[in-house]
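Hi there,

Here is the structure I promised to pass on. Have a look at it first, and my notes follow underneath.

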Amino acid sequence: MTLAELFAPYGANEDWNGVEISDITRDITQVKRGSVFVCTRGQVHDGHLEAPKALEQGAAAVVTGRDLGLENQLIVPDPSEAYASLCAAFYGFPAKKLRLIGVTGTNGKTTVTHMIQAMLQRAGYVCGIIGTLGGRAGQRVFEAHNTTPDAKELHRTLAAMVEEECQFCVMEVSSHALDQGRVAGLRFEAGVFTNLTQDHLDYHLTMENYLAAKKKLFAQSDIGVYNLDDAYGMRMIEGLSCRKVAYSADNSVAHYTAQNITYSMDSVRFDLLGHGITGRVNLKIPSLFSVYNALAAAACVLSLGLPFASVVDALNQFEGVKGRMERVPTGRDFTIVIDYAHTPDGLEKVLSACRKGGPKRLVALFGCGGDRDRAKRPLMGKVVMEGADFAILTSDNPRSEDPQAIIDDIVEGIRAYSTPYVVIPNRQDAIRYAVRTARPGDLILLAGKGHETYQILSTGVIHLDEREIIAEQLAKLER
């Protein structure tokens, strides 16, 4: 592709004819001869300051938001949006060759996207997926660096899906991605909203800003699928022109509802109702939030015209997602569950789901992320004190913060409670303690890490797979 072809929507410069480009990037370390360098701004970083260096390194042009007085500069109103558009063009506009579904919300995005993928595949479609667990297009797997990738990585993945003859792409769409324009220019056949609870306020500052970021997805969607039972559900689709589809486990006026919900140790059963059709679902993830995830996914694909029976079949065969209410085999008389819950609301729902399993004692091991919203730390402590019988306070991803300081913030929320707890800052030691001291009938919840097999410390990233630590400690018990 030539520079003139890439920049055509912004007005061509005769000097750009015949100039072949090799890449598009906003990372100065990735600039090479023939690159187009886009000067985007972050919270602390401004790419405009690196534009001269990019040209010195051989960039064919720089894209800026203001006149820098440089040769081969293209001035645009919003470099972040331009970056997304240029990446789409560079990879041949792959999104236009796919039917896109976006899922947003504080909790449940990963499970809902995997449910939607399972339903589409059950109906005979080829569906790629992008999200927290990475991307997959046919047999090709892509590592996840963010829930929703950078625009370049995103369009490269979409192009791979086109090559693999995918018909659909279902993706998690984070509030950061929406706010930063990573999905700018994409048109979603359906957008799905799960829920909105306190998270990422270190970035968005207020819940109103958080809501506004999430709402952008539905301005880019033909169909808006929303949770009628969530406090922010109606506000999420308010004032938008998309076709609106509601789901609920509590309100029969919704388009799709769940009724006659019953729980067992290993599953949750309910009747899925929609437009006069009913199907009995036996979902192998025993919790109310699993019902909501299933409703969100079903409402989405049914709105796109998938057969009702096929959707129910897919839910009945769905085995769950790694790190989401994942039961780890112990071969003993206690149960261990790993879950990604890392917000007060998410933790409360997971604890409630674990309680429905009827354990003699519910043990919660958890921590809070460093360099993130401090306000939720005492709230998470409060949730555990109210929902568990015993707590183990430890580290999550402390990042640059002192792990003990993070735990001290949690303790501020639990001083008034009598629920017993211990503090073990090293997460590996905390997991070993939980397994070593397990009693018959215990259910031990390891919350916060979920699918992650690493831990981010101030000294760098280390390998930490909770399943390996559990297996190691179980082997010691057997000796």
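The largest cavity is lined by Tyr263, Ser264, Met265, Pro286, Met325, Arg327, Val337, Ala353, Cys354, Lys356, Gly357 and Leu443. Before you read on, bear in mind that this is a predicted model. The space inside the largest cavity comes to about 70 Å³. Helix α12, which covers residues 344-356, gives the largest share of that lining, with three residues. Sorted by class, the lining of the largest cavity has eight nonpolar residues, two polar ones and two charged ones.

How many cavities of 30 Å³ or more does the structure hold? There are two. The second largest has a volume of about 50 Å³. Twelve residues line the second largest cavity, and Ile130, Gly134, Gly135, Pro149 and Glu153 are the closest to its centre. If you want to find the spot by its elements, look at β6 (127-131), β7 (134-137) and α5 (151-163), since each of them supplies at least two residues of the lining. By class, the lining of the second largest cavity splits into four nonpolar, six polar and two charged residues.

Now for a pocket. The second largest pocket has a volume of about 530 Å³. It is lined by 20 residues, and the closest to its centre are Arg26, Thr40, Gly42, Asp150 and Gln180. Two or more lining residues come from each of α3 (79-90) and α5. Helix α5 gives the largest share of the lining of the second largest pocket, three residues. As for the classes here, you'll find three nonpolar, eight polar and nine charged residues in the lining of this pocket.

Those two helices also pack against each other. The axes of α3 and α5 cross at roughly 25 degrees and come within 9 Å. With angles under 35 degrees counted as roughly parallel, that makes α3 roughly parallel to α5. Their crossing is right-handed. On the α3 side, Tyr83, Ala84, Cys87 and Ala88 take part, and they meet Ala151, Lys152 and His155 in α5. The residues of this contact divide into five nonpolar, one polar and one charged.

Back to α12, which you met at the largest cavity. What angle do the axes of α12 and helix α13 (residues 376-387) make where they cross? It is roughly 10 degrees, and the two axes come within 9 Å. The pair is therefore roughly parallel, α12 to α13. This crossing is right-handed. From α12, the contact uses Pro344, Leu347, Glu348, Leu351 and Arg355, while α13 brings Lys376, Leu379, Met380, Val383, Val384 and Gly387. By class, the contact of α12 with α13 has seven nonpolar residues, one polar residue and three charged ones.

One more helix pair to look at: α4 (residues 109-122) and α10 (residues 288-303). Their axes lie 9 Å apart, and the two helices pack at an angle of about 45 degrees. Are they parallel or oblique to each other? Helices α4 and α10 are oblique, therefore, given that angle. α4 passes α10 in a right-handed crossing. In α4, the residues to click on are Thr111, Val112, Met115, Ile116, Met119 and Leu120, and they meet Ser290, Asn293, Ala294, Ala296, Ala297, Ala298, Cys300 and Val301 in α10. The classes in the contact of α4 with α10 are eleven nonpolar, three polar and no charged residues.

If you only have a few minutes, I'd start with α5. That helix supplies at least two residues of the lining of the second largest cavity, gives the largest share of the lining of the second largest pocket, and has Ala151, Lys152 and His155 in the contact with α3. After that, go to α12, which gives three residues to the lining of the largest cavity and packs roughly parallel to α13.

Cheers

Notes:
Residues are numbered from 1 along each chain as its sequence is written. This is a predicted model: local features need pLDDT of at least 70, side-chain atom pairs count only at pLDDT 80 or more; totals for chains, interfaces and linings use all residues. Side-chain values use heavy atoms; hydrogens and water are left out. On a 1 Å grid over the protein atoms alone, a cavity is a set of points where a 1.4 Å probe fits but cannot get out, and a pocket is an open set with protein on both sides within 12 Å along at least five of seven lines; lining residues have an atom within 4 Å of a point. Grid points are joined across faces, edges and corners, and a volume is the space filled by probe spheres set on the points. Helices (H or I, at least four residues) and strands (E, at least two) are DSSP runs, numbered from the N terminus. Ala, Val, Leu, Ile, Met, Phe, Trp, Tyr, Cys and Pro count as nonpolar, Asp, Glu, Lys and Arg as charged, and the others, Gly among them, as polar. Axes are lines fitted to C-alpha atoms, for helices over the stretch in contact, and angles run from 0 to 180 degrees between N-to-C directions. Angles under 35 degrees count as roughly parallel, over 145 as roughly antiparallel, 65 to 115 as roughly perpendicular and the rest as oblique. A crossing is left-handed if the near helix is turned anticlockwise from the far one by less than a right angle, and right-handed if clockwise. Contact means heavy atoms within 4.5 Å.
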